[in-house]
Every structure is written in structure tokens, then in C-alpha cells.
Amino acid sequence: MTPELPPFRIAVRQFGPFESTMAKLWVNFCEETGCELAVEMVPMDLHQLYASLLTNKGLQNGRWDVAHINTDWLPEAASTGALEDLTPYIRQNPPMDFPAGWSPSLLGMQQVGDAVMGLPFHDGPECLIYRKDLFESPQEQARFRELHGRPLQVPESWEDFQTVARFFQRPADNLFGFVAAGFPDGHNTVFDFCLHLWTRGGQLVDAQGRVCIDSAAAAEGLAFYRQLLRDQAAVHPHTMQYESVAAGQAFARGEAVMMVNWFGFAAVCDVDAACPVRGRVDIARIPHGAGGQSASLNVYWLYTIGAGSRHKAVAYEFLRYTTRPENDKLLTLEGGIGCRLSTWHDAEINALVPYYHKLEMLHQQAQSLPPEANWAQIAGIIDEVVLQAINTDAPVAELLAAGQQKINALDHV
């Protein structure tokens, strides 16, 4: 009697468009290839996904055949042998148009030495997302000019961002100046910290290649971020309970005028025919501090194969299938952000999402997180520092110095 094959298990980043896309792709893949494996897809939030894939070694012990993994987890995953190297598979049977079908900015992070650890799944650097209908409203323009003596414009500086957010703060109308992702998950507040550092001319890594958070630019950025998230005259009241997806959903419901978030949370507003703010959204560069320049953050999601998978051949064929041009476009039409150049330039996509062409601009300004194998630990320390800044009145300089000591100590563990 032939033993029953274990099901094909896929770890999915919890997000409606991701879940619907993956379900459709598996059905279509099986219809085309005749694959008869049972499938189990498990959507998980960031904490659950990281724990299942890496902390609990699910990629190594065979629990997951295919998994969504984001690029700031890659150094740890690579250093622990959690991921299957795709190089031999690509040499024998490459994905369509590989590598020319993608921007180099979406192929570099998963290249670890000679190994390729994954294929691009979902993109979309951080940007300023805003309600263009409100900024363009003659009534709002007139009222802002009366109050401030200047035109209402999309803010280019952080100070203007706060001024405009306060102008639009209207709790009685369930409309708030901005919404942020303040939930402490080791990601959102860390990304915001980096953006406030970079947009003030600071760097996260010093000349010796060490992570450095104890700097003047970091102190200035964190002090501003602290008072901004505390500004009840500007912020959505649930900001500290929202991670990036929930913040994006609040914006899509029409509860916020601005947010700094991933490009995909703008695009989904126009892809979803039922979205209350469909056709009213645009994106711009992230504001900057005095003497600084705008910056973005390049963190993207990958399709990966677990090193312990018992279905590696099927897993790679599935990855080749999912990354085809038509399936990359499907992800976009479902509300994700495709990674192929063909999707970025697709006429239907650009008609649906008029600012899709701005992805190239964002990539030109995007910075990356340092490729540290212990980045999750470093991010946890930064997250703790930011939360202490928000939730206490402790001097920012002291919090950063204490956090720097903990980061330095990691090198000696």
C-alpha cells in the first residue's frame, strides 16, 4: 500500500489580496500541471509568520514547502540554512524572462553569495499616500489659505505634514489628519524610525559597518516622531493599535487624509471597486526634515522554498508558475503589487491605478536595511526604544544611548 503523500503547505502573509491570489494560483497551477497534492494555506500575521518560519524552524523541519518571507528576515534565514537555494533549479529551468523581467532592485537582497534564496512576490516601497480629492477641493484650499496664508499643498517637510494633518483633523466626521502603524511588532515603528533618521540626513550604519542609532539625526527624528504620534489634534485615535495592514484599511475606509505606508495600500484603494476612496488617492515622496531629503524603504516579499520541504520539485514549478507575467499581474489586480517590469508598465494596470508609474521614482530613493543575520534582535531593540519614547517622557538621547549599548552587546554574545 502506497503511503499517502503529505499535503503541500504554504505559509502566507495575512492580507486579503495575498490570500485570494494564492488560492487562485494553486487551483490554476493544478489544472495546468495535473498536480493532485492536497494543499494547506495558512495566513499569518508578521509575528506568527516569523515565529513559524524561523523561531520554530518550520522552513527546516518540513512544516512549510513554500513561504512568503520578507527581505529583512533573509540574512537570518540564509545563515541558519532555512531556505532552499534556487540556483540549480534556475540554471536548469529559469522563470520566464529571468532576470531581465525584473528591476535589479528586486533581485539583489535574495542573492546571498552565489545562492538565490527566493523569487519576487510583492513589492511597493514606502511612500506618502494622501486623499487628492481633499487637497484639490476649492473649499479646503480656501479655508487653508484663510488659516495659514498660503496654498494647501501636499507636504514636503515633516513640519508641513503635521500642520496639514491638524488642518484636516475632524473627529466629528470620523476624519483624521493621518494614520500610522504604531503597533509594536518589531517592524512598523522600526521602519518609521529609519525613515525619520534617513530623511534628516542620518545613516543607520556607521563607517565601520555597525548599526548606529545613537546620533543627532536619530535623536531629532525620534523626538519629532514621539510628539507627532502623541498629537491628538492630528492623529487617528487607533494608531497605536494598528499595524500596517490595519492602518491601510482605516485609510481605505476614508478615516484618514494621509499616511506613510507601503505603496500597495494606495493601489488597493483603486483596485477594489467597493473602496469608499476609490479614485480619490495619490502618492508622493515621503516628507523630509530640515536639511534632509526624502527617502523610501525597499523591503519586499519573496516566494521561498523551505530547506526541509518534501515537495521541492513541485514547489519550484509552482514558483515558476506564480511568477509568470500574467500571474504577477493577477496579484496586482487582486490588490497586491506585482514585481515584474511588465506589470509596472501594463496599460490596464496604469489605467486602473494612475500613479503606478511612480514606483520607479520610489525605487530610486529607496534605502535598504542592513543585511545583519541578527536583524530581528536589533529591530526588537529599536522597537523597544521607540515605544519607550512614545509611552514615557524619558529623554530621547538617554533612550537611544541605552539602546545602542544593547545593540553593541549583541556582538559579544
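User: How are helix H8 and helix H9 oriented to each other: parallel, antiparallel, perpendicular or oblique?
Analyst: Happy to start there, keeping in mind that this is a predicted model. The axes of H8 (residues 188-198) and H9 (residues 216-230) come within 8 Å and cross at roughly 125°. Angles of 65 to 115 degrees count as roughly perpendicular and those over 145 as roughly antiparallel. The crossing angle of this pair therefore makes H8, relative to H9, oblique.

User: Is the crossing of H8 and H9 left-handed or right-handed, and which residues of H9 make the contact?
Analyst: The two helices cross in the right-handed sense. From H8, the contact is made by Thr 189, Asp 192, Phe 193, His 196 and Leu 197. Their counterparts in H9 are Ala 217, Ala 218, Gly 221, Leu 222, Phe 224 and Tyr 225.

User: Which strand pairs with S9 in the antiparallel sense?
Analyst: Let's take the partners of S9 (residues 256-262) in turn. Strand S8 (residues 176-178) runs parallel to S9 and is joined to it by 2 bridges, with Phe 176 opposite Ala 256. The antiparallel pairing has 5 bridges, and within it Leu 128 is partnered with Val 260 of S9. That strand, spanning residues 126-131, is S7.

User: How many residues of S9 are buried?
Analyst: A residue counts as buried when its relative accessible area is under 20%. Strand S9 is mostly covered, and the number of its residues that are buried is 7 of 7.

User: Which residue has a side-chain oxygen that reaches a backbone nitrogen at the start of H2?
Analyst: Helix H2 covers residues 46-55. At its start, the backbone nitrogen in question belongs to His 47, and the side-chain oxygen comes within 3.3 Å of it. That oxygen belongs to Asp 45.

User: What covers the buried residues of H2?
Analyst: The buried residues of this helix are Leu 46, Leu 49, Tyr 50, Ser 52, Leu 53 and Leu 54. Their cover includes strands S1 (8-13), S2 (39-44), S3 (66-70) and S12 (301-305). Helices contribute as well, including H3 (74-79) and H17 (375-391).

User: Is Val 245 buried or exposed?
Analyst: Val 245 sits in helix H10 (residues 244-252). Leaving aside residues up to four places away in sequence, Val 245 touches Arg 13, Gln 14, Phe 15 and Phe 265. Its relative accessible area is 9%, and the cut-off is under 20%, so Val 245 is buried.

Technical notes. Residues numbered from 1 in each chain as written. Predicted model: local features only at pLDDT ≥ 70, side-chain atom pairs only at ≥ 80, totals over all residues. Heavy atoms only, no water. Buried < 20%, exposed > 50% of the residue type's maximum accessible area, 1.4 Å probe, protein only. Helix = DSSP H or I, 4+ residues; strand = E, 2+ residues; numbered from the N terminus. Pairing = 2+ DSSP bridges. Contact = heavy atoms within 4.5 Å. Polar contact = N/O pair within 3.5 Å; in protein donor to acceptor, adjacent residues only side chain to side chain. Axes fitted to C-alpha atoms, helices over the stretch in contact; angles between N-to-C directions. Parallel < 35°, antiparallel > 145°, perpendicular 65-115°, else oblique. Left-handed = near helix turned anticlockwise from the far one by under 90°.
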